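Here are my notes on the model you sent, set out as numbered points. Please read them with the structure open beside you.

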Amino acid sequence: MVKISLMIMGCGGVGRQLLHHIISCRPLHAKQGVRLRVVGVCDSKSMVAANNLLDEELNDQFLLQLCKVKSSGSSLLELASFCQCQLLSGQEIASKAIEVAATLRKSNTGLTLVDCSASSETIGLLSKVLHLDCCVVLANKKPLTSSLEDYDKLVSQPRRIRHESTVGAGLPVISTINRMLSSGDPIYRIIGSLSGTLGYVMSELEGGKAFSQVVNVAKKLGFTEPDPRDDLSGMDVARKALILARLLGRRINMDSIKIESLYPIEMGPDVMSVEDFLVNGLPLLDEEIRNRIEKASLNGNVLRYVCLIEESRCEVGIQEIAKDSPLGRLRGSDNLLEIYSRCYKEQPLVIQGAGAGNDTTASGVLADILDIQDLFRD
Ligand SMILES: NC(=O)C1=CN([C@@H]2O[C@H](COP(=O)(O)OP(=O)(O)OC[C@H]3O[C@@H](n4cnc5c(N)ncnc54)[C@H](OP(=O)(O)O)[C@@H]3O)[C@@H](O)[C@H]2O)C=CC1
Ligand SMILES: N[C@@H](CC=O)C(=O)O
């Protein structure tokens with residue numbers, strides 16, 4: 001039986017769904033000869049970790065209780081009475097994660113640190129854990145879209161890092177591009193719709209709904225980032241574009257990407273809280289967006305938030321698109337990506353499907369974890 005020890009950072013929508021998937025896939029994984037041991041889980045303030053890392057893990061009953069506590073909005077510290085485990089907070093969290101990585105690297109299980117947070121503060125810890133010959137799986141895009149120096153550190157061990165869910169959630173985007181590149185098929189153009197939130201919002205607006213209403217629903221459905229302004233500013237799509245561009249070998253930073261925002265700077269995070277933006281800011285944008293949709297419709301077009309990577313261009317923004325085109329026909333949270341390369345020159349390779357949501361994202365993360373299992377075989 002191959003044992004993969006996991007420490008999960010972030011138990012929001014994606015992290016909790018991942019825990020549910022791990023538990024419900026136990027019989028399947030047992031048949032495949034794999035055992036996923038969750039030895040620690042943390043949120044922004046606290047961590048729970050198994051006492052004896054080599055022999056013990058957080059059991060499934062406890063993990064379900066943890067999901068319940070977190071979905072009710074409470075702190076991990078509430079779990080004190082449920083566990084025979086360690087509860088840590090503040091600075092102790094990173095030290096514990098490094099201790100766990102250092103302890104488990106000596107056993108044949110190693111540690112896989114799974115980043116389901118939406119924080120850029122995890123970069124240092126991820127690099128240290130990789131340096132200890134452990135593995136990293138990311139749903140979080142921020143560590144890969146920071147400086148090139150940080151990026152290089154993270155991808156310097158390609159066999160030990162997976163980040164499929166950072167672009168297109170569970171869709172096989174990163175793995176497909178890696179396969180094409182490693183077979184010597186150079187990619188010269190990627191164009192598509194890479195935001196589940198903006199895809200959903202744009203297609204729902206065509207039915208006449210208000211922008212403010214639709215954005216709130218996208219948040220409830222688990223499509224948006226913790227702060228939906230990350231989606232509406234185009235920043236989340238820009239992060240995906242940067243991840244793809246860097247994968248193609250471009251040595252660029254975020255400031256090389258042209259980004260169109262759907263809200264003005266006066267509604268930014270420095271000015272308004274998320275709540276204030278959702279309740280009071282968004283309705284102020286309804287009319288302008290409605291006008292843009294109507295104008296496009298008069299031309300037989302729809303609006304889509306498009307990402308383009310081609311030669312030195314890397315840009316993300318709203319485009320008027322023919323209604324009856326692959327992008328124009330997109331519905332709901334679906335993403336669509338057209339990849340042009342030497343082998344796919346006239347007709348692009350197309351990847352399409354749900355590109356946001358906790359279920360599909362957590363499935364992508366779980367598939368990444370299973371993908372590294374060979375590193376832990378004797
Ligand atoms: N939802 C989706 O469709 C997709 C999401 N992703 C990515 O998945 C990640 C998680 O998204 P989602 O679950 O929706 O976000 P949530 O806001 O629901 O959850 C984020 C979690 O991360 C925790 N957290 C914040 N900072 C830290 C930190 N420094 N260390 C450890 N944990 C931390 C939060 O703690 P606390 O509970 O204390 O606030 C929370 O538990 C994001 O990076 C997102 O971009 C990727 C693809 C698709
Ligand atoms: N907020 C993102 C989630 C996936 O990355 C999106 O809407 O696409």
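**Notes on a predicted model**

1. The UniProt record, an unreviewed entry, places the feature "binding site" at E225. Please keep in mind that the coordinates discussed here come from a predicted model.

2. E225 sits in the loop between α9 (211-220) and α10 (229-232). Leaving aside neighbours within four places in sequence, E225 is in contact with A118, D230, D231 and D236.

3. Is E225 buried or exposed? It falls in between, being partly exposed, because 19 other C-beta atoms lie within 10 Å, whereas a residue counts as buried if 20 or more do so.

4. Around ligand 1 there are 31 residues, of which G10, G12, V14, S117 and P226 come nearest. By type, the residues of this shell divide into 11 nonpolar, 15 polar and five charged.

5. Both α1 (13-24) and α14 (358-371) supply at least two residues of the shell around ligand 1, and the largest share, three residues, comes from α1. At the level of domains, ligand 1 lies between domain 1 (2-169 + 360-376) and domain 2 (176-354), because both give residues to its shell.

6. Strand β12 (residues 334-341) is joined by six bridges to strand β8 (residues 187-193), and the two run antiparallel; in this pairing, S193 has L336 in β12 as its bridge partner. β12 also pairs in the antiparallel sense with strand β13 (residues 349-354), over six bridges, and here the bridge partner of L337 is I351 in β13.

Terms used
Residues numbered from 1 in each chain as written. Chains lettered and ligands numbered in written order. Predicted model: local features only at pLDDT ≥ 70, side-chain atom pairs only at ≥ 80, totals over all residues. UniProt positions renumbered as here; feature names shortened; annotations may be inferred. Helix = DSSP H or I, 4+ residues; strand = E, 2+ residues; numbered from the N terminus. Buried ≥ 20, exposed ≤ 12 C-beta atoms within 10 Å, placed from the backbone. Contact = placed C-beta atoms within 7 Å. Near = placed C-beta within 6 Å. Nonpolar A, V, L, I, M, F, W, Y, C, P; charged D, E, K, R; others polar. Domains from an automatic or database assignment. Pairing = 2+ DSSP bridges.
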